[in-house]
Amino acid sequence: MLVTLEGLDGSGKTTVWEVLREEFPEFVFTREPTDTWYGEAVNRSVEDDDADPLAELFLYTADHAAHLSETVRPALADGKVVVSDRYSDSRYAYQAVSIEGEVKRPLEYVRGVHQPWTRPPDATLYFDVDPETGAARSGATNKFEQAAFLSQVQSNYERLLSAEPGRFVRIDASQSPEEVIDSAVDVMERLLADRDE
Ligand SMILES: Nc1ncnc2c1ncn2[C@@H]1O[C@H](COP(=O)(O)OP(=O)(O)OP(=O)(O)O)[C@@H](O)[C@H]1O
Ligand SMILES: Cc1cn([C@H]2C[C@H](O)[C@@H](COP(=O)(O)O)O2)c(=O)[nH]c1=O
């Protein structure tokens with residue numbers, strides 16, 4: 001089973017991911033951007049305000065392809081539960097904003113690039129926080145961590161949630177860290193129980 005954590009910058013995904021890692025040591029915990037050289041290339045691009053948006057989309061996509069073949073697919077083939085801090089929905093939500101004007105229907109375009117070869121998540125925990133809170137918590141240190149940008153990203157996430165209500169579980173990420181963690185652990189336990197039914 002592949003479970004992904006999604007949401008705006010500063011929504012608290014990594015905080016939850018770290019706690020889940022302690023609660024469920026038998027799972028495989030991973031993330032995008034990855035810790036490989038592909039992920040390093042992505043991180044260089046994130047820090048470059050003038051990075052070409054289409055080139056950046058394909059850097060993220062290359063990182064995803066290697067993540068799938070080197071980590072996600074082997075772990076799933078071994079019967080493991082995989083929990084990824086960000087995954088393909090981050091591209092659909094973020095790069096559909098950054099490539100606006102470069103292609104028609106950017107969200108559908110980014111999905112179309114992935115569709116033939118990606119492995120969709122079985123469940124996605126969406127950490128729902130408003131763009132201002134997300135930007136403030138993240139420190140607004142790069143081009144993505146800006147409330148105006150995150151507001152457009154949030155609209156794309158909402159489109160994704162509406163399109164697949166059965167896959168997404170919305171978690172109110174404006175709650176205290178303890179409450180958000182409790183909600184996420186409850187959801188994980190429910191997903192495991194449903195899987196074992
Ligand atoms: N529920 C919460 N309430 C208040 N602050 C929080 C909460 N969850 C996390 N934080 C704080 O907000 C900051 C960002 O949290 P975190 O790194 O977990 O978010 P993230 O969604 O992984 O962000 P990014 O996508 O930018 O990496 C951290 O300083 C963290 O301690
Ligand atoms: C995977 C992915 C990430 N992003 C953005 C979101 C963040 O601003 C940065 C780095 O991610 P992190 O969780 O803060 O480490 O990259 C993106 O735009 N598209 C993606 O596919």
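## Note on the largest pocket and its two ligands

1. The lining of the largest pocket divides into 11 nonpolar, 10 polar and 10 charged residues (Ala, Val, Leu, Ile, Met, Phe, Trp, Tyr, Cys and Pro count as nonpolar, Asp, Glu, Lys and Arg as charged, the others, Gly among them, as polar). The model is predicted, with pLDDT of at least 70 needed for local features and 80 or more for side-chain atom pairs, while totals for chains, interfaces and linings use all residues. Residues are numbered from 1 along each chain, chains are lettered from A and ligands numbered from 1 as written, and side-chain values use heavy atoms, without hydrogens or water.

2. In all, 31 residues line this pocket, and Asp 9, Gly 10, Lys 13, Thr 14 and Arg 86 lie nearest its centre. A pocket is an open set of points on a 1 Å grid over the protein atoms alone, where a 1.4 Å probe fits, with protein on both sides within 12 Å along at least five of seven lines; lining residues have an atom within 4 Å of a point. The volume is about 570 Å³, taken as the space filled by probe spheres set on the points, which are joined across faces, edges and corners.

3. Helices α1 (13-23), α2 (37-46), α3 (53-77), α4 and α8 (177-196) each give at least two residues to the lining of the largest pocket. Helices (H or I, at least four residues) and strands (E, at least two) are DSSP runs numbered from the N terminus.

4. Ligand 1 takes up the space of the largest pocket, and ligand 2 sits in the largest pocket; sitting there requires more than half of a molecule's atoms within 2 Å of the grid points.

5. Around ligand 1 there are 16 residues, with Gly 12, Lys 13, Thr 14, Thr 15 and Gln 175 coming nearest (a heavy atom within 4 Å). The class split of this shell is four nonpolar, seven polar and five charged. Helix α1 supplies the largest share of the shell around ligand 1, three residues.

6. The polar contacts of ligand 1 (N or O pairs within 3.5 Å) include both backbone and side-chain atoms of the protein. A backbone N or O atom of Gly 12 is 2.9 Å from a ligand 1 oxygen. The side chain of Arg 137 places an N or O atom 3.3 Å from a nitrogen of ligand 1, and a backbone N or O atom of Pro 177 lies 3.4 Å from a nitrogen of ligand 1. Of the 640 Å² of accessible area that ligand 1 has on its own, the protein covers 67% (Shrake-Rupley, 1.4 Å probe).

7. The shell of ligand 2 consists of Asp 9, Arg 31, Glu 32, Pro 33, Tyr 60, Arg 86, Ser 90, Arg 91, Tyr 94, Gln 95 and Phe 144. By class it has four nonpolar, two polar and five charged residues. Helix α4 (residues 88-98) gives the largest share of the shell around ligand 2, four residues.

8. Three side chains make polar contacts with ligand 2 as follows. Polar side-chain atoms of Arg 86 and Arg 91 lie 2.8 Å and 2.7 Å from an oxygen atom of ligand 2, and one of Gln 95 is 2.7 Å from a nitrogen atom of ligand 2. The protein covers 89% of the 470 Å² of accessible area that ligand 2 has on its own.

9. Two backbone features in the ligand 2 shell deserve a check. Glu 32 and Pro 33 are joined by a cis peptide bond, with omega about -5°; Pro 33 is in the loop between β2 (28-31) and α2. Arg 86, in the loop between β3 (82-85) and α4, has a positive phi of about 70° although it is not a glycine.

Note on methods. A polar contact is a pair of N or O atoms within 3.5 Å; within protein, one must be able to donate a hydrogen and the other to accept it, and residues adjacent in sequence count only if both atoms are side-chain atoms.
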